[in-house]
Amino acid sequence: MARKNSLSGDVTRIWPCPFEKLGFNIQWDGSTRTIQAEKQGVKITLQVDKPNATLNGEPNTLSVAPRNIEGNVFVPIRFVGEASKYVVTWENSSKTIYLQSARSVITPDKKLKVTLGGNWL
């Protein structure tokens with residue numbers, strides 16, 4: 001699913017993130033304004049208005065902090081997408097972000113490797 005937003009035309013910026021569509025279970029702590037998103041092999045912690053995040057326990061500095069806009073939390077979509085092993089692409093003409101998964105197929109003799117894309121979100 002392509003997501004559009006008028007806040008910015010750059011995928012390093014904040015966007016409403018469909019965590020559930022990316023397979024995450026999410027928890028929100030309103031007292032600390034913290035999101036914890038987790039799925040097999042990936043755990044992300046983000047805090048509203050803080051440019052710091054953790055990915056699998058490792059600290060990361062974000063290019064822009066998550067924000068709460070009218071009760072909706074917007075997050076840096078490139079960080080979340082790439083942490084989820086998606087290729088994140090920005091199409092400027094339509095102001096559209098694409099998250100695309102990539103899968104590699106390797107022959108048993110390991111002489112051929114093909115990387116396939118698909119599953120647009």
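These are my notebook entries on a sheet, a nonpolar core and a surface patch in this structure, which is a predicted model.

**Entry 1, the sheet.** I began with the strand order and found an open sheet of 5 strands, arranged as E2-E3-E4-E5-E6 with antiparallel pairing. I then looked at its edges, where strand E2 (25-29) and strand E6 (58-61) each have a single partner strand, so one side of each is left without a neighbour in the sheet. I also noted that neighbouring strands of this sheet are turned against each other by 20 degrees on average, with direction ignored.

**Entry 2, one strand pair.** I followed strand E3 (residues 34-39) and strand E4 (residues 42-47), which pair in the antiparallel sense over 6 bridges. Which residue in E4 is the bridge partner of Ala 37? I found that this partner is Ile 44.

**Entry 3, the core.** I met Ile 44 again in the largest nonpolar core, which has 19 residues, and there Ile 44 is listed among those with the most contacts inside it, together with Phe 19, Phe 24, Leu 46, Phe 79, Val 80 and Leu 99. I checked which elements supply at least two residues each to this core, and they include E3, E4, helix H1 (77-83), strand E9 (86-91) and E10. H1 gives the most, with 4 residues.

**Entry 4, the surface.** I turned to a nonpolar patch on the surface formed by Val 105, Leu 112 and Val 114, which together have about 240 Å² of accessible area. I located Leu 112 in the loop between strand E10 (96-106) and strand E11 (113-118). Is Leu 112 buried, partly exposed or exposed? I recorded Leu 112 as partly exposed, because its relative accessibility is 47%, and the partly exposed class lies between under 20% for buried and over 50% for exposed.

Technical notes:
Residues are numbered from 1 along each chain as its sequence is written. This is a predicted model: local features need pLDDT of at least 70, side-chain atom pairs count only at pLDDT 80 or more; totals for chains, interfaces and linings use all residues. Side-chain values use heavy atoms; hydrogens and water are left out. Two strands pair if DSSP finds at least two bridges between them. Axes are lines fitted to C-alpha atoms, for helices over the stretch in contact, and angles run from 0 to 180 degrees between N-to-C directions. Patches are made of residues with over 30% relative accessible area and no salt bridge: like charges are joined within 9 Å, nonpolar side chains (Val, Leu, Ile, Met, Phe, Trp, Tyr) within 5 Å. Accessible areas come from the Shrake-Rupley method with a 1.4 Å probe; for residues, only the protein chains shown count as cover. A salt bridge is a side-chain nitrogen of Lys or Arg within 4 Å of a carboxyl oxygen of Asp or Glu. Buried means under 20% relative accessible area, exposed over 50%, partly exposed in between (1.4 Å probe, protein chains only). A nonpolar core is a set of buried Ala, Val, Leu, Ile, Met, Phe, Trp, Tyr and Cys residues joined through side-chain atoms within 4.5 Å.
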